[in-house]
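Please read the following report with the sequence and the model side by side. Each technical term is explained where it is used for the first time.

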Amino acid sequence: MARVIETKDLTKTYKAGEIEIPALQGINFQLDSGEFVAIMGASGSGKSTLMNILGCLDYPTSGDYYLDGVKINDLNRNALADIRNRKIGFVFQGFNLLSRTTALENVALPLLYDRGKQVEDYRHRARETLEAVGLTDRMHHVPSQLSGGQQQRVAIARALVMKPSLILADEPTGNLDSRTSHEVMEVLKDLNGRGVTIILVTHEKDIAAYARRVVEMRDGRIVHEWTN
Amino acid sequence: MKYEKLLTAAFQSLAKNGMRSFLTMLGIIIGVAAVIIMVAVGEGAQLAIKRQIAALGSSLLIIFPNTVSHMGVSQGAGSLNQLTLDDVERLRRESLYLRDISAVAMAWGHIIGGGNNWMTGVQGVDANYTQIRDWRVVQGAFFTEEDVKTRNKVCVLGKTVVDNLFPGQDPVGALVRIRSVPFKVIGVLAKKGQSSTGNDQDDIILSPTTTVLYRLKGGQNINLIMASAVSDARIPAAQQEIRMILRESHRLHLGEEDDFTVRNQAEITDTAAEASRTLTILLGSIAGVSLVVGGIGIMNIMLVSVTERTREIGLRMALGARSRDILSQFLIEAVSLSLLGGIIGIAISFATAYLLNLYSNFEAVLLPQTILLAVAFSAAVGIFFGFYPARRASQLNPIEALRYE
C-alpha cells in the first residue's frame with residue numbers, strides 16, 4: 001500500500017491588505033493508494049483551499065506536502081503543471097467540458113499536454129478510458145447532446161485518461177439531480193473498487209457516505225474523522 | 001507532431017466561431033488585397049511608362065528652353081522660346097555624336113477638312129523626324145527636305161485626326177485648312193496610342209518646320225529640338241557636345257547658366273518612373289493602414305476570446321498546461337486568423353488584378369516579392385497584435401480562472 005499523500009502541518013494564510021485570513025491551520029493528512037476519502041465541511045471550512053493545495057494548483061504558506069514521495073513545495077509552476085498532468089485527475093462540479101467538442105476529444109485533452117510522451121497511442125487510450133465509464137456509444141457526441149450525468153462521466157474519463165495517482169472530485173454531484181448523483185457516485189465507487197484512489201470534496205452527508213473514510217473540517221482544521 | 005496538433009486545435013477553435021472568425025479576418029483580407037492591388041497597379045504604371053518612353057526611339061535627346069529667371073524671379077512660360085533654327089543648323093554642322101536632329105515648332109489650330117472640323121496641335125518638324133521618333137507613315141508618304149526648304153504647305157495626319165475629319169475615307173491628297181491656311185495631306189501616321197501621361201499621341205498633325213514657323217506660328221523661335229545620338233554609349237558625350245554648341249550659339253559667358261535643358265531618354269524615364277514609384281509607395285502605405293486596423297481587430301477579438309474562455313484556460317492549466325502552452329495556443333490562433341486572412345486577400349487581389357487587366361486601362365503587375373511581403377506582413381500582424389491577449393491568457397491564475405462566471 002503506497003502512501004500517495006502526506007501533509008505535515010500544512011497552513012495557508014491569505015493576505016487582504018493588512019488583514020491575514022487563515023484558511024488552513026496545521027493540516028496533517030495522509031492518503032494511501034486505493035483509498036476513497038471524503039472531505040466534508042461547510043463553506044469557509046477550508047476544504048476548497050486544501051483541495052487546491054492537494055491538487056497542486058496552489059502553494060501552502062507553510063508546512064510540507066508530499067505527493068508520491070515528492071515534496072511539492074519546492075517545485076516551480078511548470079513542474080507543478082506537469083505533476084497535475086501526470087498524477088492528478090480533476091472532476092469539477094460544473095463538468096468544465098469544452099463545448100462543440102466531442103466526448104472523445106474532451107477525454108483526450110490532457111494528452112495534449114503529455115510532455116513526457118508517456119502515452120504512445122493517444123486515440124486508443126482515450127477510447128478505452130471512455131469505455132471504462134460506459135460511454136463508448138456517445139464517443140462522438142458533443143456536450144450539448146449529453147445529459148448532465150453523461151457529461152460528468154465524460155469528465156471522469158478525462159480525469160482518468162493519464163492514469164493518475166489520484167482523482168480529485170470537487171462537489172461532482174452539485175449540478176445533478178439526486179438520481180443522476182447516485183449514478184455518478186456508483187461510477188466512482190466502481191472505479192475505486194478497481195483500484196483508483198479518490199478524494200471527494202463535498203458538503204452533503206449522503207454523498208460522503210459513498211466514501212470509505214470521511215474527514216470533517218471546520219475553520220481550517222480537521223475536527224472529526226470516521227470510516228463508513 | 002505537436003505543432004500539427006496545435007494547428008488543428010487552433011483551426012478547430014476558429015471554426016467553432018466561424019462567423020466571428022470571418023468578420024475578424026475581414027480587416028486583414030481587405031488590407032492585404034488593397035496593398036497588393038495598389039502596388040500592382042503602381043508597378044504596372046511604372047512598366048507602362050518605361051515602355052512608352054522606350055517607344056519614343058532609342059538614344060533620344062530632347063532639348064528645351066528654360067523659363068528665364070531674371071534675378072531669381074521666373075519670368076514664366078512666356079519668356080521661353082530662345083531656341084531657333086540657327087541652333088539646329090549649328091548642331092547639324094558642328095556635332096560629332098548626333099545622328100539626326102529635328103527642330104520642333106508647335107502651333108495650336110482650328111482644322112477644317114472633309115466637311116468636319118477639329119482642334120488640335122500642329123507640330124512643325126524636319127524630314128528626319130520619323131527616324132528620330134521611330135514613327136512610320138502607313139498611308140502616303142512623309143514630307144522631304146525639299147518640302148522643308150520650300151516651306152511647302154503639306155502635312156501628315158495622326159490617326160485620331162483622320163477619324164475625326166475623314167472618317168472611313170482615305171485622306172491622302174485631300175485639302176485641309178489649318179487656321180485658314182490650306183494644306184495638302186500627303187500621309188497618315190501609324191497609330192501610337194495613349195502616352196504614359198494620358199495624352200492621345202495620335203491627335204497630331206505634322207508639317208515641315210519652316211512651314212509652321214513662317215505660316216502659322218510666326219517669329220524665329222522653336223519649341224524643342226529633338227536629336228538622336230549616334231549610339232547609346234555616346235549619349236553623355238552627345239549631351240555635353242550639345243551644351244557646348246548651344247552655349248556658344250547663345251553667346252553665354254562663363255558662369256552664366258544654360259538657358260536650355262538637355263535631357264536624355266534614361267533621365268526622362270527615371271523622372272517619370274520615380275514619380276510613379278513615389279505614388280505607388282504612398283498608395284501602398286495608405287492601404288497598409290487598413291492592415292494595421294485589421295490587426296487591431298484581431299487583438300480586440302482575441303481579448304474578448306480570452307475573457308470568454310477564462311474557465312477553459314483554467315481547466316487546461318488544471319489538466320497540465322503550462323503558461324507557455326496557453327501563450328502559444330492563443331498566439332497560434334491569432335496568427336492562423338491573420339495568415340488565413342492574408343491568403344484570402346492574396347486570392348482576391350489575383351482575381352481583381354485579372355479583372356483590371358481585362359476590363360480597364362490599368363495594368364496590374366503582380367510580382368512574387370509583393371506576394372511574399374504580403375504573407376510575411378500578415379503573419380507579423382498576427383504575432384504582434386495577438387501577443388498581448390495571449391500573454392494575458394497565459395498569466396491567469398488557474399484557481400481564479402476556474403471560478404470565473
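The buried residues of helix α5 of chain A are covered by a set of elements that includes α3 (103-107), α4 (109-112) and α6 (148-160) of chain A. Here helices (H or I, at least four residues) and strands (E, at least two) are DSSP runs, numbered from the N terminus. The model is predicted, and local features need pLDDT of at least 70, side-chain atom pairs count only at pLDDT 80 or more, while totals for chains, interfaces and linings use all residues. Residues are numbered from 1 along each chain as its sequence is written, and chains are lettered from A and ligands numbered from 1 in the order in which they are written.

Helix α5 of chain A spans residues 122-132, and its buried residues are R125(A), A126(A), T129(A) and L130(A). A residue is called buried if 20 or more other C-beta atoms lie within 10 Å of its own, exposed if 12 or fewer, and partly exposed in between, with C-beta atoms placed from the backbone. These buried residues lie on the same side of α5(A), because they cover an arc of only 135° around the axis; the arc is that of the directions from the helix axis to the C-beta atoms. On the other side of α5(A), R123(A), H124(A) and E131(A) are exposed. Just after α5(A), G134(A) takes a positive phi of about 75°.

Three further residues of chain A can be set side by side.

| Residue | Burial | Other C-beta atoms within 10 Å |
|---|---|---|
| N52(A) | buried | 22 |
| E171(A) | partly exposed | 19 |
| R194(A) | exposed | 8 |

N52(A) lies in helix α1 (residues 47-54) of chain A, and, leaving aside its neighbours within four places in sequence, N52(A) is in contact with L57(A), D58(A) and I399(B). Two residues are in contact if their C-beta atoms, placed from the backbone, lie within 7 Å. The C-alpha atoms of N52(A) and D170(A) are separated by 9.9 Å, although these residues are 118 residues apart along the chain.

E171(A) is placed in the loop between β8 (166-170) and α7 of chain A, and, when residues up to four places away in sequence are not counted, E171(A) touches Q93(A), V201(A) and T202(A). R194(A), in turn, is found in the loop between α7 (178-193) and β9 (198-202) of chain A, and R194(A) is 17 Å from V4(A), C-alpha to C-alpha, with their positions 190 residues apart in sequence.

How many residues of chain B are in contact with chain A? There are 14 residues of chain B in contact with 16 residues of chain A. On the side of chain B that touches chain A, the elements giving two or more residues are α1 (2-16), α10 (310-318) and α13 (398-403) of chain B, and the largest share, five residues, comes from α10(B).

Within chain B, helix α9 (residues 265-308) and helix α11 (residues 323-359) pack at an angle of about 145°, with their axes 11 Å apart. Such axes are lines fitted to C-alpha atoms, for helices over the stretch in contact, and angles run from 0 to 180 degrees between N-to-C directions. The contact is made by G294(B), I298(B), M302(B) and V306(B) of α9(B), together with F330(B), A334(B), L337(B), S338(B) and G341(B) of α11(B).
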